[in-house]
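Q: I'd like a close look at one part of this protein, please. Pick a piece that repays attention, and then work outwards from there to what surrounds it.

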Amino acid sequence: MEEYILLTGASSGIGYEMATQLAAKKLNLILVARSETKLQEMQSTLIAKHGILVRYIVKDLSNVQAAINLYKDVQQEKLLVTGLVNNAGVGNYGNFIETSLEEELKMIELNISSVVALTKLFAKDMVSRKSGKIMNVGSVLSFLPFPYYSVYSATKTFVLAFSETLAAELEGTGVTVTSLYPGTTDTGFTTDKMQTTNLYKSGKPMHPKVVATEGVKHLLHGKGKKVVGFQNWFNSFLPRIVPSTVMMKIKKHLASINRD
Ligand SMILES: NC(=O)c1ccc[n+]([C@@H]2O[C@H](COP(=O)([O-])OP(=O)(O)OC[C@H]3O[C@@H](n4cnc5c(N)ncnc54)[C@H](OP(=O)(O)O)[C@@H]3O)[C@@H](O)[C@H]2O)c1
């Protein structure tokens, strides 16, 4: 039976680059996102270029039932998933009392509920086969929750807690649970509003290819958590040495709109 890596959020950004790099390693893929045309194009390109098996499944994972149905589709098609990358995610930026509740509830469902559902369903099968790799994509904000990104930060903090604890639970089962924490990356994730912040203007976003290279390495050979890039690693470490009230003031300034 052919083995597949299932990658959510494969149609653009970090997920697209991870899919491209996994394909170059001759690994078969199941690509998941909402944009069917993009997935179709990726499927034909990757098959033609690397001679691998590529399936795609269109799902809107901001509804957790879609994640459950995704697992059912994979079962029905009798596809053997030996790797799962929970990469799909969205964020938003703004004053909590002004941002859209509907958007935030969908974000929670995509960034948290669907990650839990897919991980539980696929991890059970992997544990019974004594082999498998799961990687969840968090953010530097998993370690450094930022004002004006309150709900997004909280969803990514969930990813950190969930990944670390599950990795410990599954130790010795043959199934690895790793997690990847990118900092600002040049993808469609960053909205125009986010680009007006001191934070965005103070640094240079990473290229998604660089983040994906770290991600692929970490999924295939890594252990535990990986913060991408030295600066991001250093920033993620700061809360351990700087008092939280001072940290929060700095973060509030950084996340504020730069009016210069
Ligand atoms: N870019 C950054 O600065 C940054 C920093 C830290 C962490 N991250 C994390 O990295 C991950 C990937 O983000 P990215 O930067 O590569 O952003 P991106 O380019 O916007 O890609 C997001 C991917 O998720 C998919 N997606 C979005 N909503 C979905 C939904 N409801 N159902 C299914 N798929 C959905 C998108 O595809 P469709 O639109 O086709 O559905 C796309 O493939 C996210 O978890 C994000 O939180 C990003």
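A: Let's take strand 5: six of its six residues are buried, so strand 5 is largely enclosed by the rest of the structure. Buried here means that 20 or more other C-beta atoms lie within 10 Å of a residue's own; with 12 or fewer the residue is exposed, in between it is partly exposed, and the C-beta atoms are placed from the backbone. Strands and helices are DSSP runs (E of at least two residues for a strand, H or I of at least four for a helix), numbered from the N terminus.

Before going further, please keep in mind that this is a predicted model, in which local features need a pLDDT of at least 70 and side-chain atom pairs count only at pLDDT 80 or more, while totals for chains, interfaces and linings use all residues. Residue numbers start from 1 along each chain as its sequence is written.

Now look at the two sides of strand 5. Gly132, Ile134 and Asn136 point one way, Lys133, Met135 and Val137 point the other way, and all of them are buried. That fits a general pattern: in a regular strand the side chains alternate between the two faces of the sheet. Strand 5 runs parallel to strand 4, and four bridges join the two; strands count as paired if DSSP finds at least two bridges between them. One place to find this pairing is Gly83, whose bridge partner in strand 5 is Lys133.

Follow the chain onwards and you enter the loop between strand 5 and helix 5, where Ser142 lies. Ser142 counts as buried because it has 24 C-beta neighbours inside 10 Å. Leaving aside neighbours within four places in sequence, Ser142 is in contact with Lys156, Thr157, Val159, Leu160 and Tyr181, a contact being two C-beta atoms, placed from the backbone, that lie within 7 Å. Its C-alpha atom is separated by 9.1 Å from that of Tyr152, ten residues apart along the chain. Tyr148 also has its place in the loop between strand 5 and helix 5. Although Tyr148 is not a glycine, its phi is positive, at about 70°; this residue is buried too, with 22 other C-beta atoms within 10 Å.

Go the other way along the chain and you come to helix 4, residues 101-129. Just after helix 4, Lys130 takes a positive phi of about 60°. The helix has 29 residues and reaches 41 Å from its first C-alpha to its last, close to the 42 Å expected, where the expected span is 1.5 Å times one less than the number of residues. There is a bend of about 35° at Glu109, taken as the angle between axes fitted to the seven residues ending there and the seven starting there. Among the buried residues of helix 4 are Met107, Glu109, Leu110, Ser114, Leu118 and Phe122. What covers its buried residues includes strand 5 itself, along with helix 3, strand 4, helix 5 and strand 6.

Leu110 gives a good view of this packing. It is buried, with 24 other C-beta atoms within 10 Å, and, not counting residues up to four places away in sequence, Leu110 touches Leu61, Ser62, Ala88, Gly89 and Val90. Asn86 is 24 residues from Leu110 in sequence and 9.9 Å from it in space, C-alpha to C-alpha.

Strand 5 meets another helix as well. The buried residues of helix 7 pack against helix 1, strand 4, strand 5, strand 6 and strand 7. These buried residues include Val211, Ala212, Val216 and Leu219.

Stepping back, the largest nonpolar core has 64 residues, and Leu7, Ala10, Ala19, Leu29, Ile30, Leu31 and Val32 have the most contacts inside it. Helix 4 gives the most to this core, with seven residues. Such a core is a set of buried Ala, Val, Leu, Ile, Met, Phe, Trp, Tyr and Cys residues joined through C-beta atoms within 7 Å.

Finally, here is the whole frame around your strand: the protein has nine helices and seven strands, and 42% of its 260 residues count as buried. Among contacts between residues at least 6 apart in sequence, 71% join residues at least 24 apart.
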